[in-house]
Amino acid sequence: MLLIACPHCGKRPETEFRCGGQAHIARPTDPMTVDDGAWSEHLFVRANPKGVHAERWCHVHGCGRWFNALRDTISDRFIETYPMGAKPTQSTQSETRA
């Protein structure tokens, strides 16, 4: 079984967690000024890299808190986990959108 290191609870079994998609995506500062095409892209277009990728995860069957993780999509290995709002210490191969 894969163990995921929750930054709040420590290492726990993968069955306690749920992935929430790509991390570090900023909402538009004024959503009312964004046209339909740009809004659709913001909501649905995400990076799908082969390699290290930043993702949001929730410890659903534990503390219930969200955190970010750097995960290698090739090996499914978690490289680093860190609290929401923090920056990773390592870089990713995918570009983050601001």
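In the predicted model, arginine 27 touches Trp39 and His42, leaving aside residues up to four places away in sequence. Arginine 27 is placed in the loop that runs between strand E3 (18–22) and helix H1 (36–44). Its relative accessibility is 58%, and because exposed means over 50%, arginine 27 counts as exposed. Between the C-alpha atoms of arginine 27 and leucine 43 the distance is 9.2 Å, with 16 residues separating the two in sequence.

Arginine 27 is also one of the residues that line the largest pocket. His42, which arginine 27 touches, belongs to this lining as well. The remainder of the lining consists of Gln22, Ala23, His24, Ile25, Arg46, Arg56, Asn68, Met84, Gly85 and Ala86. Sorted by class, the lining comprises four nonpolar, five polar and three charged residues. The space in the largest pocket amounts to about 180 Å³.

A second site considered here is cysteine 63, located in the loop between strand E4 (52–58) and strand E5 (66–72). With residues up to four places away in sequence not counted, cysteine 63 touches Cys6, His8 and Cys9. For cysteine 63 and cysteine 9, the C-alpha to C-alpha separation is 7.1 Å, although the two are 54 residues apart along the chain. The relative accessibility of cysteine 63 is 31%. Because this value is neither under 20%, the limit for buried, nor over 50%, the limit for exposed, cysteine 63 counts as partly exposed.

At the level of the whole chain, the secondary structure consists of one helix and six strands. Their order along the sequence is β-β-β-α-β-β-β. The loop that holds arginine 27 leads from strand E3 to helix H1, whereas the loop that holds cysteine 63 joins strands E4 and E5.

The C-alpha trace extends over about 45 × 30 × 20 Å along its principal axes. The protein chain has 98 residues, of which 27% count as buried. Its accessible surface is about 6400 Å², and carbon and sulfur atoms contribute 50% of that area. Of the contacts between residues at least 6 apart in sequence, 49% link residues at least 24 apart. The contact of cysteine 63 with Cys9 spans 54 residues along the chain.

Note on methods
Residues are numbered from 1 along each chain as its sequence is written. This is a predicted model: local features need pLDDT of at least 70, side-chain atom pairs count only at pLDDT 80 or more; totals for chains, interfaces and linings use all residues. Side-chain values use heavy atoms; hydrogens and water are left out. On a 1 Å grid over the protein atoms alone, a cavity is a set of points where a 1.4 Å probe fits but cannot get out, and a pocket is an open set with protein on both sides within 12 Å along at least five of seven lines; lining residues have an atom within 4 Å of a point. Grid points are joined across faces, edges and corners, and a volume is the space filled by probe spheres set on the points. Ala, Val, Leu, Ile, Met, Phe, Trp, Tyr, Cys and Pro count as nonpolar, Asp, Glu, Lys and Arg as charged, and the others, Gly among them, as polar. Helices (H or I, at least four residues) and strands (E, at least two) are DSSP runs, numbered from the N terminus. Buried means under 20% relative accessible area, exposed over 50%, partly exposed in between (1.4 Å probe, protein chains only). Contact means heavy atoms within 4.5 Å. Accessible areas come from the Shrake-Rupley method with a 1.4 Å probe; for residues, only the protein chains shown count as cover.
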